[in-house]
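Trainee: I would like to go through the pockets and one strand of this model. Can we take them in turn?

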Amino acid sequence: MEHFLASLCLLGSFLHALAHCTVPYSEFQLEGDYLIGGLFDIHHASAPVYRDKPEAIDCDSQPFILSHYRRFLLMRFSVEEINNSTNLLPNVSLGYEIFDHCSDTQNFPGILKLISVNGLIQPWGESHKNLSKVIAVIGPFTSTQALTIAPLFMVDLIPMVSYGSSSSAFSKKVEFPSFLRSVHPNKDIIEVIVSIAQHFNWRWVAFLNSDNDFGIDGRELFVKMIKDTEICLAYTTDLNINTNYDQMFKQIEAQKIRIIIVFAHEMTAEALIESAIQLNVTNKVWIAADTWSLNKRLPRVKGVKNIGTVLGVSQPVVIIPGFDDFIFSVKSQNHCENAEQHMFCNHVCNGSSLSAEDIIAVDPSFSFPVYSAVYAIAHALHNALQCGAGKCNRNITVYPHMVLAELKKSNFTLSNQSIQFDENGDPRYGSYSIVFWNHRGDAEEVGFYKFHPWVNFFINNTKIQWYTKGQVPTSLCSPECPVGHAKKQHGIHKCCFHCEICQNGSYINSTEDPYKCIRCKETEWSAEASTSCTLRAVEYIPFTDRGAILIMVGAWALVGLTFATSVLFAINYNTPVVRSAGGPMCFLILGCLCLCCTSVFFHFGKPTVSFCILRFLPFLSFYTVCLACFVVRSFQIVCIFKIAAKFPKLHSWWMKHHAQWLVITVAFLSQALLLVIGYSLSPPKPYNETVWYPDKIILGCDFNLMAYSGPVILLLSLCSLCFIFSYMGKDLPKNYNEAKAITFCLLLLILTWIIFATVYMLYRGKYIQTLNALAVLSSLYSFLLFYFLPKCCIMIFQPHKNTQQYFQGLIQNYTKTISQ
């Protein structure tokens, strides 16, 4: 009897257990008319697994990732929500086949199962007699995983909608024609990170990336994107299990880097931050990628506040209605934990020990990409089956490539987001949030970066609590240069430089090119350390200038005096004074002095080509005649008193052939020829003097001294001959001593041009033209006043000295003196 009662108790207990135990089921499978494949790395093989025989990896032995398990549950929720809806797929059931894709290289049995039919893979190109129910695949998460397995799905154009693979490679539709993603590509998040660095003027940064396709692609994009900015990549390295964090942080500290961008997956970032805490790394700004910016554990780790300020770029947290209830319902189910369960699971279901609260509280990143990916496939299937009016056309055979075609045309609204894909299969929707890890251990939203329909970027600086107690941290290799200084790069980084002041005549445009002082145009000037140029003042001597008026009046006075002298000499033409002065030669000299006066007027006014030509042409031409006349006159005086007695034949030939006029003609023609040659080789032209005065432009004429050396040498030669002959006659009779007057005129002429040449070497202002005209006028007045004026005084005030007897007496006295 006791045995019977004991047996009844055991049977009752067994039946009671069966009553409270549901039929074993798998979290990884759900039957349906159409299946969606799912690839979620619920476990992650962070280190390579070594094996001695071909076998699939045991994912359950690898580290469990709670945030990935949450995304796995979200796919299940999305499918069940669609099945419970009467609008999207009314008379069609959707199922799933999910695999724990924990390894990049050792999970192929699950992948092959998705593309096989009854355990066989049908060769590409044959007619599809037996079709797999899998119409599309969600996942995988990482770029490396996707790059490894995507080619297997691309062959049959089976759509892959990834919720986390952001590598740039997938935008190449030639290689990945059936690949789409519901997460933004790396270039978008790198664009946000660069915008944050520019917003805070951070130019000296480190970029730490995970050692995989995701991280390496991010670094390459970052380098490319900062190329035309002021940001410099001071340090970069790949993070993996062999990284020497101590050495890495020492290098970062040695280079005085304050900004560290961490573009890595969650587990890699956790290892990095924990190492920074242990190594007492302080005073840094950390910029987190969206893969770990919403991490729930790190902000609450002891000592995390000491490492500095953590900013992050994250996907906006989208509340998915009903998901929390789904998690509670899943975790409340009581399943039998026994060996039989392995028949229904792809892998060991060890998520059952987790509470619903643990799953809900985990990092919500990439939740909406999973949700939108499932719905995108469901909408594509809806269109392929021509669903409407409460039912779908089940007679249509749906191939994966048909779903792909509809996926590319996706255009529906989900959680107030318009779900669309561009030509590369990238999302044409969504935005990023800028978050800050506050002192409460929460990721607080402080800004946003919206892509569509246009870029809109904003950060609320007042919400960020910097480790510097209010001041935005700086990160520069070299401090900014003062205004008006150019950067001179030293080393390989453009951010490392020393400052050089921009000299006079140059300026710096920091927005255009901060590394180069730009020369001002010839019409502009700038002071030292200028940021722009200003127009130079254009200066020349106008005809209305007081100095110019006085000189021109002096020129007209010279013409008047010359004319008066000519009249006086004409009246007294046959007197001894006129004959001793040169007779008819005096009128030639006086006429040439008048013609030389025309040069004076062309020194004023705005220079033109004709003004430049006439500035010296009349003076050089006719002054040559004047000097030639004085050379001849000096020679004649010496010849009469000194040479005639010793060389009578020479004197006779000179008088007979009127050699004086021949000498004058030859001198004039020679000068005319030299001037023609000089003007042909290098004609005078207007010239802007911009060297002597940085803030002025002096308008003048450009004369090539080499081209005009011939006329000048001829003038100097005549002047020298004249001086020699006149000096030889310095002891002649007083009334016949024109030689002394000529010598004095020549000395005054030489002194005038020496003074002008000295001033010209020291001064090039606009008044140099006035001084030039004054030198020309002085040269003319020297002959008029000191050669002709004394003779005019004798004719007017001392007529008794202008007689034949007076001159003969002087000659006789001179002869007696010589004979004694």
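Mentor: What follows is a set of questions and answers on a predicted model.

Trainee: Which residues lie nearest the centre of the largest pocket?

Mentor: The largest pocket holds about 1400 Å³ of space. Its lining is made up of 38 residues. Those nearest the centre are Phe616, Leu705, Val712, Trp753 and Phe756.

Trainee: Which elements give two or more residues to that lining of the largest pocket?

Mentor: Both helices and strands are on the list. The strands are S24 (685-689) and S25 (696-702). The helices are H18 (617-646), H20 (659-681), H21 (709-728), H22 (738-762) and H23 (768-797).

Trainee: How many residues in the lining of the largest pocket are nonpolar?

Mentor: Sorted by class, the lining of the largest pocket has 4 charged residues and 5 polar ones. The nonpolar residues number 29.

Trainee: Which element gives the largest share of the lining of the second largest pocket?

Mentor: The second largest pocket has a volume of about 810 Å³, and 33 residues line it. Two or more lining residues come from helix H2 (66-83) and from helix H8 (266-278). The largest share is 4 residues, and it comes from H8.

Trainee: How many polar residues are in the lining of the second largest pocket?

Mentor: Nearest the centre of this pocket lie His44, Ala45, Ser46, Asn212 and Thr268. By class, the lining has 5 charged and 13 nonpolar residues. The polar count is 15.

Trainee: Now the strand S10. Which of its residues are buried on the side opposite Lys284, Trp286 and Ala288?

Mentor: In a regular strand, side chains alternate between the two faces of the sheet. Strand S10 spans residues 284-288, and 5 of its 5 residues are buried, with buried meaning under 20% relative accessible area. Lys284, Trp286 and Ala288 cover one side. On the other side, the buried residues are Val285 and Ile287.

Trainee: What is the handedness of the crossover from S9 to S10?

Mentor: Strand S9 (residues 259-263) runs parallel to S10, and 4 bridges join them. Within this pairing, Val262 has Ala288 as its bridge partner. The chain passes from S9 through H8 to S10, and this β-α-β crossover is right-handed.

Trainee: Which residue of S11 stands opposite Val285?

Mentor: S10 is also joined to strand S11 (residues 308-314), by 5 bridges. These two strands run parallel. Opposite Val285 in S11 stands Thr309.

Terms used: Residues are numbered from 1 along each chain as its sequence is written. This is a predicted model: local features need pLDDT of at least 70, side-chain atom pairs count only at pLDDT 80 or more; totals for chains, interfaces and linings use all residues. Side-chain values use heavy atoms; hydrogens and water are left out. On a 1 Å grid over the protein atoms alone, a cavity is a set of points where a 1.4 Å probe fits but cannot get out, and a pocket is an open set with protein on both sides within 12 Å along at least five of seven lines; lining residues have an atom within 4 Å of a point. Grid points are joined across faces, edges and corners, and a volume is the space filled by probe spheres set on the points. Ala, Val, Leu, Ile, Met, Phe, Trp, Tyr, Cys and Pro count as nonpolar, Asp, Glu, Lys and Arg as charged, and the others, Gly among them, as polar. Buried means under 20% relative accessible area, exposed over 50%, partly exposed in between (1.4 Å probe, protein chains only). Two strands pair if DSSP finds at least two bridges between them. A crossover is right-handed if, with the strands pointing away from the viewer, the path from the first strand over the helix to the second runs clockwise.
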